[in-house]
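Q: Could you take me on a close look at one loop residue in this protein, and then show me what lies around it? I work at the bench, so a friendly, connected walk from residue to residue would suit me well.

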Amino acid sequence: MEAKGKTRRALVTGISGQDGAYLAKHLLEKGYEVFGGRRRSATQNLWRLDELGIADRVQIVDLELLEYSNILDAIRSIAPDEVYNLASQSDVAVSFKQPIFTSEVSGLGALRILDVIRAIDPSIRFYQASTSEMFGIAAETPQSETTSFHPQSPYGTAKVFGHLASGNYREAYGIYAACGILFNHESPLRGVDFVTRKITSGLAMIRAGLVKTIALGNLNAARDWGHAADYVNGIWLMLQQDQPEDFVLATGQARTVRDFAKLAAQCADYDLEWSGKGIGEQAIDKQTGAVIFRVDEQYYRPAEISLLVGDASKAREKLKWHCQFSFEDMVLEMVRADIDLLKRRGRIF
Ligand code: NAP
Ligand code: GDD
């Protein structure tokens with residue numbers, strides 16, 4: 001193993017994702033040498049690092065979470081002080097179609113890293129990206145670190161495995177393993193299949209005349225939506241404590257998909273009239289009569305979680321973590337960013 005220098009080294013898996021980009025920027029600002037784990041791709045997929053202006057400061061390493069040898073080689077050669085495991089098949093709807101793959105990546109993937117750390121250097125600090133999806137049909141509202149798990153998707157069950165494996169390696173081998181139970185967090189860098197960005201990018205494309213309507217699933221689903229830039233600070237703080245512990249990060253406020261769509265439409269200067277119920281619900285542009293939102297059953301899930309809202313008291317007290325972005329600021333930023341992106345590039349990524 002290489003000797004560790006004074007500059008702290010962090011390995012971030014899932015560097016091509018939303019949180020990977022924001023966390024890498026945060027770590028660079030803290031003076032870390034940052035290594036980003038990326039799985040093989042036939043196309044350039046590091047555009048988020050470009051958007052944040054850090055592409056040339058992150059050292060990219062091959063890291064396929066299904067491939068134990070990749071994890072071993074990366075950790076052995078980098079000798080990181082901290083490993084942040086953000087890589088995941090993170091799309092809940094996709095997890096119903098690819099349950100085995102999702103479990104391999106999002107569940108066993110965490111265990112592979114933990115076992116490499118155990119074997120090579122148990123002093124390496126490990127962060128696991130756990131999720132509010134683990135609560136599923138929640139036993140109580142709001143959900144905290146002590147709420148029991150009742151996941152409703154293959155993704156949720158895989159994440160419960162990764163969460164429990166992290167706790168097990170902490171207790172069995174004394175590894176500093178901390179899990180962040182993060183509620184939904186969004187940004188202009190969010191993947192376009194997640195509902196918030198689907199709405200904001202869809203509105204930008206409607207304004208540009210590229211599409212006519214946005215088709216959504218369950219408009220009544222309620223989530224606790226924060227901003228990714230706030231959440232990566234909480235992630236970093238979790239690895240800076242004396243003892244490893246699990247923390248919920250959340251805003252404590254729930255909004256429905258409909259609430260998000262209404263506010264985003266206002267931010268894009270649409271005055272909408274909503275009518276109908278269930279599959280027949282739609283929203284029409286009062287000026288033109290065009291249908292802006294409609295419901296399509298194909299976006300319903302085999303099992304849905306109607307409400308998730310978190311209690312982040314522990315993170316506020318112990319980590320001194322707090323959010324800078326309000327919900328309104330975030331929605332406005334996302335809508336403006338997508339309108340701007342279309343102007344700059346002529347397409348949404
Ligand atoms: P994301 O944008 O979907 O990014 C996921 C990352 O994982 C991507 O870089 C992806 O690479 C990578 N990945 C997927 N399969 C992989 C594999 N087999 N080997 C190596 N890398 C792989 O997710 P995110 O929003 O940044 O979330 C980061 C983490 O937090 C995820 O673990 C997610 O499950 C968890 N989480 C997210 C939220 C949220 O609201 N955002 C909330 C709670 C927990 P490609 O680009 O090649 O696909
Ligand atoms: N994606 C999507 N597309 N969701 C829709 C749509 C649609 O057209 N219409 C309604 N929804 C509803 C979903 O049914 C869900 O209840 C809610 O909007 C949010 O869906 P997503 O944005 O896909 O996020 P998620 O909550 O399922 O999962 C995200 O957050 C989790 C944390 O709770 C992902 O980032 C997960 O990786 C993360 O763990």
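A: Happy to. Leu189 has a relative accessibility of 6%, so it counts as buried, the cut-off for that label being under 20%. Please keep in mind that this is a predicted model. Leu189 sits in a loop, with strand E7 (185-186) on one side and helix H7 (195-207) on the other.

What does Leu189 touch, leaving aside its neighbours within four places in sequence? The partners are Gln18, Ala21, Tyr22, Trp47, Arg48, Glu51 and Leu52. For a sense of distance, take Val58: it is 131 residues away from Leu189 along the chain, and the two C-alpha atoms are 17 Å apart.

Some of those partners lead us onward. Tyr22 and Leu52 are in contact with Leu189, and Tyr22 and Leu52 are also among the residues that line the second largest pocket. That pocket has a volume of about 220 Å³. Its lining also includes Lys25, His26, Glu29, Ala229, Asp230, Val232, Asn233, His322 and Gln324. Helix H1 (18-29) and helix H8 (228-238) each give at least two residues to this lining. By type, the lining splits into four nonpolar, four polar and three charged residues.

Another partner, Gln18, takes us to a ligand. Gln18 touches Leu189, and a polar backbone atom of Gln18 is 3.1 Å from an oxygen atom of ligand 1. Asp19 has a backbone N or O atom 2.8 Å from an oxygen atom of ligand 1. His185 offers a backbone N or O atom as well, 2.9 Å from an oxygen atom of this ligand. How many residues surround ligand 1? There are 25, and the closest are Ser16, Arg39, Glu64, Ser90 and Tyr155.

Tyr155 makes a good bridge to the other ligand. Besides being one of the closest residues to ligand 1, Tyr155 is among those that come nearest to ligand 2, along with Thr131, Ser132, Arg301 and Glu304. In total, 22 residues are found around ligand 2. The side chain of Ser132 places an N or O atom 2.6 Å from an oxygen atom of ligand 2. Val195 uses a backbone N or O atom, 2.8 Å from an oxygen atom of the ligand. With Gly217, a polar backbone atom is 2.7 Å from a nitrogen atom of ligand 2.

Arg39, one of the closest residues to ligand 1, opens one more path. Phe101 touches Arg39, and also Leu66 and Gln89, when residues up to four places away in sequence are not counted. Phe101 belongs to helix H5 (residues 99-120). Is Phe101 buried, exposed or partly exposed? Its relative accessibility is 29%, so Phe101 counts as partly exposed. The C-alpha atom of Phe101 is 9.7 Å from that of Pro154, although 53 residues separate the two along the chain.

Since we began in a loop, let me compare a few other loop residues. Ala42, between strand E2 (33-38) and helix H2 (47-51), is exposed, with a relative accessible area of 69%. Ala79, between helix H3 (68-78) and strand E4 (82-85), counts as buried at 2% relative accessibility. Asp269, in the loop between helix H9 (257-267) and strand E13 (272-275), counts as exposed at 66%.

Two of these loop residues deserve a look at their backbone. Most residues other than glycine have a negative phi, and most peptide bonds are trans. Ala79, however, has a positive phi near 50°, and Asp269 has a positive phi near 70°. As for the peptide bond, Thr141 and Pro142 are joined by a cis one, with omega about 0°. Pro142 is likewise in a loop, the one between strand E5 (125-131) and helix H6 (154-173).

A last stop is strand E13, home of Trp274. Trp274 touches Leu219, Arg258, Ala261, Lys262, Glu281, Gln282, Ala283 and Phe293, again without residues up to four places away in sequence. Trp274 and Arg294 are 20 residues apart in sequence, and their C-alpha atoms are 9.7 Å apart.

Key: Residues are numbered from 1 along each chain as its sequence is written. Chains are lettered from A and ligands numbered from 1 in the order in which they are written. This is a predicted model: local features need pLDDT of at least 70, side-chain atom pairs count only at pLDDT 80 or more; totals for chains, interfaces and linings use all residues. Side-chain values use heavy atoms; hydrogens and water are left out. Helices (H or I, at least four residues) and strands (E, at least two) are DSSP runs, numbered from the N terminus. Buried means under 20% relative accessible area, exposed over 50%, partly exposed in between (1.4 Å probe, protein chains only). Contact means heavy atoms within 4.5 Å. On a 1 Å grid over the protein atoms alone, a cavity is a set of points where a 1.4 Å probe fits but cannot get out, and a pocket is an open set with protein on both sides within 12 Å along at least five of seven lines; lining residues have an atom within 4 Å of a point. Grid points are joined across faces, edges and corners, and a volume is the space filled by probe spheres set on the points. Ala, Val, Leu, Ile, Met, Phe, Trp, Tyr, Cys and Pro count as nonpolar, Asp, Glu, Lys and Arg as charged, and the others, Gly among them, as polar. A residue is near a molecule or strand if one of its heavy atoms lies within 4 Å of it. A polar contact is a pair of N or O atoms within 3.5 Å; within protein, one must be able to donate a hydrogen and the other to accept it, and residues adjacent in sequence count only if both atoms are side-chain atoms.
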